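Welcome to this guided tour. Open your viewer, keep the selection tool handy, and follow the stops below.

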There are 2 protein chains.
Amino acid sequence: MRATGILTDLYELTMLQAYYFLEMEEEAVFSLFVRKLPKERNFLISCGLEDVLNFVENLHFSEEDLEYLESLGIFKKKFLDYLKDFKFTGDIYAMPEGTVFFQNEPILEIKAPIGQGQLLETYIINEIHFQTLMASKAIRLVLAAQGKRVVDFGFRRIHGVESAHKAARAFYIAGVDATSNVYAGKRYGIPVTGTMAHSYIQAHEDEFEAFSSYVSFYPNTVLLVDTYDPLKGTENVINLYKKLKENFQVSGIRIDSGDLGEFSFKLRKILDEAGLKRVKIFASGGLDEYEIKEIVEKGAPIDGFGVGTKMGVSSDVPYLDIVYKLTEFKGEGRVKTSPGKITLPYKKQVFRIEKNGKYIKDIICRDGEEVEGKPILKKVFEKGKRKLSKEELDDIRNRVKEEVSKLPEDLLKIAPALNSYPVELSPVLKNFLKQNT
Amino acid sequence: MRATGILTDLYELTMLQAYYFLEMEEEAVFSLFVRKLPKERNFLISCGLEDVLNFVENLHFSEEDLEYLESLGIFKKKFLDYLKDFKFTGDIYAMPEGTVFFQNEPILEIKAPIGQGQLLETYIINEIHFQTLMASKAIRLVLAAQGKRVVDFGFRRIHGVESAHKAARAFYIAGVDATSNVYAGKRYGIPVTGTMAHSYIQAHEDEFEAFSSYVSFYPNTVLLVDTYDPLKGTENVINLYKKLKENFQVSGIRIDSGDLGEFSFKLRKILDEAGLKRVKIFASGGLDEYEIKEIVEKGAPIDGFGVGTKMGVSSDVPYLDIVYKLTEFKGEGRVKTSPGKITLPYKKQVFRIEKNGKYIKDIICRDGEEVEGKPILKKVFEKGKRKLSKEELDDIRNRVKEEVSKLPEDLLKIAPALNSYPVELSPVLKNFLKQNT
């Protein structure tokens, strides 16, 4: 999609026009953060920065866009002329994609003339919210699977086609092994995979014939055994083995219905007794991290999980309380003071303190304060020029792996952590809040 | 987005290749339907057909797509050559967008050589699922608002940028009055609207100054009064009226936090006493149909609602149990027989029976059966040619209005209906199920 300035809410443009004619060109800081972690998430993983940087870098208004805006009858000619040459000229500081973060921590901060920062609000929230939501859900399935394979089958139920691709990327970053989404495979270089559908079995005279024909094209495929009855389906796999003998290369079977854990014990036994220890068992069908956890903890002999809908819509938490707020203007901290809704003022930095290879505490501070730990926000845009070049997907994926390995064990549970991760405020921020609320 | 054949799951393509080499070119019927209505939905509204038709009409594989497929090492040269000239040659029958429907009713059926029908599965489910989900949520907010204005503020939290546009279209079809999404406004001709953000107020020395400056650009705007305190904010609106006198044209105020219903009574009183009966009150902030219902039933003097997140992610029901199943092959009914998961065989039709201007019953039947009522599925594609031309958005919107006006009152409640709408099976379908399950 074109990086057009009309990918925004109308009020961002009406405010921009007001700032333009009021000649309010002073720098503002806008901060993107999640107010409160949902109780079902012990941590979040930042994702979506690459699309934001790409958008900001290419942001412009086309002739056609300007004609549309003119047609609304609320924008003046002089302002539309200004938009014709609009270019973002500010700085952006952000957590690299794949960074673990917590409530109230700025994921991204924009320092720019106020109207410019305002204009970007809608797009920035949308991309970072959605992709962060997806990565933060997927890591939970990966953790629940305890090293077993997790594959994204979500294309059909994710909210929108383009979103399915971006979700596939977020899942991969979070450690999901592959996707069924071919377009995402091509676009992002993610491994693609797939088995067969029930309809393929139904289109043949019988299941055995369907298996035989499919294997003639894809010798090491995974056969779907539950179209009629998983036990009989598995018998048909064994029959195929008896027929093909040393030419039998089928790598696995898939079950997609019923009590997956329960079935897997039975099917494993049948396969083992037939000498097919090497044939793996894959499960799919309405899975999420809660079910995967249960299955894995039961010791069910399932080697991998295909997960679609519930990961793809983040069904237990379909949105985050993410906001983009003005925090500084003309060098002064500015915050809205509603009860229960803290906004931290100023341009900020987050410091993360590590001890014996584990993260133990974060401190949010005003930028420039001297605080222990490692700073997390990087300058990714400077005076309108992109500073962070496009990262390799596998580098981001490895970052997630490292980040997660440093988290306290308690946070890696699927259940809510007993102790939430400590996020402190620096003396300057604490003092500001004390004086302003 | 390009209508490329790789907008699909990998297994659709591997099955297509198998069918190609097996020379299985016989016609199949695939049926798209929702198995079970969620208990939070008394009816659904079909949406997304226009994108599906557009996709199918333009479906092709580019050179680049084919190179990618080749790189996967599982597709043969001859098959890739076949894909080069791939064109959909089948028929499609579908409910026009904006049609009300219920469980097990085919929303769309494809009759085509089996591999072709299979290839389209992923894309068709994705578009119809997402857009139907959005329209079916939005109608509930429209009903709850009982004629009061409902505006889409969802762009920032809907799952993805492209999806935000499609959602805005679905919302408008369902009766939502306008959107804040400028791009969607341009793309679909939906009315766009917007007010101002808290940041605009914060960027000024005080609230009164912010209101004054904004009104100088947008005399009949809606002023956001709750940045600091809604009562004081409203006083500032009145101060502005006192200053501008007959030049005061502000059309409304907006509150975005706190107990919206409660505040509205107070603010209405203050405005009325100041002689500003004509200034309307708009509310936003975490609203869904449940809250709107409560507010409206309380008689709160709110004239319109801005709704974002909860409508935009369909938070109470973030996905539907929608499936695309093989139901006929080589002229025979084919269904998967899993317990609790009925699939209805054959190419079908849905008849809707109307009495005294109200819908009273639907009957799903095999196409060709003689059944009373009005058939709902239309032929929209014939032998690969699109038959239904693009419908005007307002025509679809009017269809929803008419459809909903014919539904039994019980279904229009926000709470679950006491009696779900009757959907019967024809004798032929009943008989098939009796013999096959």
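Before the first stop, one term: two strands pair if DSSP finds at least two bridges between them. With that in hand, please also remember that you are looking at a predicted model.

**Stop 1: the whole of chain A**

Select chain A. It has 15 helices and 19 strands, and its C-alpha atoms fill a box of roughly 80 × 55 × 35 Å along the principal axes. Of its 437 residues, 54% count as buried. Look also at how the chain folds back on itself: among contacts between residues at least 6 apart in sequence, 72% join residues at least 24 apart.

How far does the predictor trust this chain? Its mean pLDDT is 96, and 99% of the residues reach 70 or more. For the model as a whole, the scores are ipTM 0.97 and pTM 0.98.

**Stop 2: strand S5 of chain A**

Now select residues 108-113 of chain A, which make up strand S5. Is this strand enclosed or open? Five of its six residues are buried, so S5 is largely enclosed by the rest of the structure.

Add residues 27-34 of chain A, strand S1, to the view: S1 and S5 run antiparallel and are joined by six bridges. To find one of these pairings, highlight A:Val29, whose bridge partner in S5(A) is A:Lys111. Then add strand S3, residues 91-94 of chain A, which also runs antiparallel to S5(A) and is joined to it by four bridges. Here you can pick out A:Tyr93, with A:Glu109 as its bridge partner in S5(A).

**Stop 3: strand S11 of chain A and its partners**

Move on to A:Gly304, A:Phe305, A:Gly306 and A:Val307 in S11(A). Which of them point the same way? A:Gly304 and A:Gly306 point one way from the strand, A:Phe305 and A:Val307 point the other way, and all are buried. In a regular strand the side chains alternate between the two faces of the sheet.

Next, show strand S6, residues 149-152 of chain A, which runs parallel to S11(A) and is joined to it by four bridges. One pairing to look for is A:Asp152 with A:Val307. Then show strand S10, residues 280-284 of chain A, which pairs with S11(A) in the parallel sense over three bridges. In that pairing, A:Ser284 stands opposite A:Gly306.

**Stop 4: helix H12 of chain A**

Select residues 289-297 of chain A, helix H12, and colour its buried residues: A:Glu289, A:Ile292 and A:Ile295. They cover an arc of only 125 degrees around the axis, which puts them on the same side of H12(A). An α-helix has 3.6 residues a turn, so residues three or four places apart point the same way.

What do these buried residues pack against? Show H5, helix H11 (260-273) and strand S11 (304-307) of chain A, and you have their packing partners. Just after the helix, stop at A:Gly299, which takes a positive phi of about 75 degrees.

**Stop 5: a buried loop residue**

Find A:Thr343 in the loop between strand S13 (332-333) and strand S14 (348-355) of chain A. Buried or exposed? With 22 C-beta neighbours inside 10 Å, A:Thr343 counts as buried. Leaving aside neighbours within four places in sequence, its contacts are A:Lys325, A:Thr327, A:Val335 and A:Lys336.

**Stop 6: where chains A and B meet**

Bring chain B into view. The contact takes 72 residues from chain A and 72 residues from chain B. On the side of chain A that touches chain B, the largest share, nine residues, comes from H5(A). The residues on that side divide into 38 nonpolar, 25 polar and nine charged.

How are the two chains related? A rotation of 180 degrees with 0.0 Å of shift along its axis superposes chain A on chain B, with an RMSD of 0.0 Å. That is the relation of a two-fold axis. The same surface serves both copies, as 100% of the contact residues of chain A recur in chain B. To get a feel for where the axis passes, select A:His159: of the residues of chain A, it comes closest to the rotation axis, at 3.0 Å (C-alpha).

**Stop 7: the parallel sheet of chain B**

Finish in chain B, where six strands form an open sheet with parallel pairing, in the order S7-S6-S11-S10-S9-S8. The edge strands are S7 (178-179) and S8 (222-224), each pairing on one side only. Inside this sheet, four bridges join S6 (149-152) to S11 (304-307) of chain B. As your last selection, pick B:Arg149 and its bridge partner in S11(B), B:Gly304.

Methods:
Residues are numbered from 1 along each chain as its sequence is written. Chains are lettered from A and ligands numbered from 1 in the order in which they are written. Helices (H or I, at least four residues) and strands (E, at least two) are DSSP runs, numbered from the N terminus. A residue is buried if 20 or more other C-beta atoms lie within 10 Å of its own, exposed if 12 or fewer, and partly exposed in between; C-beta atoms are placed from the backbone. Two residues are in contact if their C-beta atoms, placed from the backbone, lie within 7 Å. Ala, Val, Leu, Ile, Met, Phe, Trp, Tyr, Cys and Pro count as nonpolar, Asp, Glu, Lys and Arg as charged, and the others, Gly among them, as polar. Copies are superposed by least squares on the C-alpha atoms of residues with pLDDT of at least 70 in both. The arc is that of the directions from the helix axis to the C-beta atoms. pLDDT is the predictor's confidence in each residue, from 0 to 100.
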